[in-house]
Amino acid sequence: MRFEDKVAVVTGAGRGIGESYAKGLAAEGASVVIAELDEAQGERVAAEISEAGGKSLFVRTDVASEESTRAMGQAATSAFGGVDYLVNNAAIYGGMEMHSLLTVPLDYYEKFMSVNQTGALLCTRAVYKSMIERGGGAIVNQSSSAAWMGAGYYGIAKLALHAITHSLARELGPRKIRVNAIAPGPVDTEATRTTVPESILKGIIASMPLSRVGEPADMVGACLFLLSDDAGWITAQILGVDGGQIMRV
Ligand SMILES: NC(=O)c1ccc[n+]([C@@H]2O[C@H](COP(=O)([O-])OP(=O)(O)OC[C@H]3O[C@@H](n4cnc5c(N)ncnc54)[C@H](O)[C@@H]3O)[C@@H](O)[C@H]2O)c1
């Protein structure tokens, strides 16, 4: 119960990896805000956490909207008294349009960046003051191994999240807020099944030392560790959780 009496916001927690993060945090005692665009899925996850004996609140949130993220921060504080942890997991991933950088319609590119890159910044701005008031906190940004793979606008947004992680770690470290990122390899979510062609996935998995796809449950330990006091002197780091897909020197 590492997160008893603590409050966590998980964005994009209506399904997939975010849902697993939210349930993992709730199972260790946190009150969890499901900050999600999809109302039906967000309500479902919050209800399932409550049925399992946890504390949870769904707040319909568009991470790309300053107004919406501010309202989410206020709703979290009204319901649970403040915020200690933020997981910036939401992204346009499942069902994303596939274009090359040279041909992507500019309005789609800008929409994509506003969610996958700026969203993490807006959510951080919405909750960091509460973290300061409560004596500190921790943030995990959800990147991807794609950040290091020249993976078009999806990779660009994830690489930008690394820079946001580094800069926010500098700005918030003196206020006792740690900021790290997780870079998952291929994880078997509905989004991956519908977005990544099977032949490409098979090729990636064959090249990995631990030659299997990840499960959402494989991601939870790393996220909870980075949020917890066990990681009390860790900030500004990008942790690969990817079966060895990426080897950086
Ligand atoms: N699954 C993988 O293989 C994999 C690998 C590396 C990184 N990731 C990253 O992990 C995260 C989750 O992946 P997933 O497979 O669970 O994806 P997913 O597409 O199933 O989940 C994303 C969630 O974000 C929500 N969302 C989208 N736009 C939003 C917005 N504007 N505001 C609030 N919520 C919004 C969606 O409704 C959805 O519930 C994403 O950041 C993804 O880029 C996934």
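Ile-34 in strand S2 has Phe-58 as its bridge partner in strand S3. The two strands, S2 (residues 31–36) and S3 (residues 55–60), pair in the parallel sense over six bridges; strands count as paired if DSSP finds at least two bridges between them. Between S2 and S3 the chain crosses through helix H2 (residues 39–51), and this β-α-β crossover is right-handed, a term meaning that, with the strands pointing away from the viewer, the path from the first strand over the helix to the second runs clockwise. Helices (H or I, at least four residues) and strands (E, at least two) are DSSP runs, numbered from the N terminus. The model is a predicted one, in which local features need pLDDT of at least 70 and side-chain atom pairs count only at pLDDT 80 or more, while totals for chains, interfaces and linings use all residues. Residue numbers start from 1 along each chain as its sequence is written.

Strand S4 (residues 85–88) comes next. On one side S4 pairs with strand S1 (residues 7–11) in the parallel sense over three bridges, with Tyr-85 as the bridge partner of Ala-8. S4 also pairs in the parallel sense with strand S5 (residues 137–142), over four bridges, and here Tyr-85 is matched with Ala-138. Tyr-85 and Val-87 point one way from S4, Leu-86 and Asn-88 point the other way, and all are buried (20 or more other C-beta atoms within 10 Å of the residue's own; exposed means 12 or fewer, partly exposed in between, with C-beta atoms placed from the backbone).

In the segment before S1 lies Asp-5. Asp-5 is exposed, because 11 other C-beta atoms lie within 10 Å. Its C-alpha atom is separated by 6.8 Å from that of Gly-29, 24 residues apart along the chain.

Helix H5 (residues 118–133) has 16 residues and reaches 24 Å from its first C-alpha to its last, close to the 22 Å expected at 1.5 Å a residue (1.5 Å times one less than the number of residues). A kink of about 40° is centred on Val-127, the bend being the angle between axes fitted to the seven residues ending there and the seven starting there. Buried residues of H5 include Leu-122, Tyr-128 and Met-131, and Val-127 is buried too. Just after H5, Gly-135 takes a positive phi of about 95°.

Finally, the ligand is surrounded by 31 residues, the closest being Gly-12, Gly-16, Ala-91, Gly-94 and Thr-189 (C-beta atom, placed from the backbone, within 6 Å). Helix H1 (16–27) and helix H7 (190–195) are the elements that give two or more residues to this shell.
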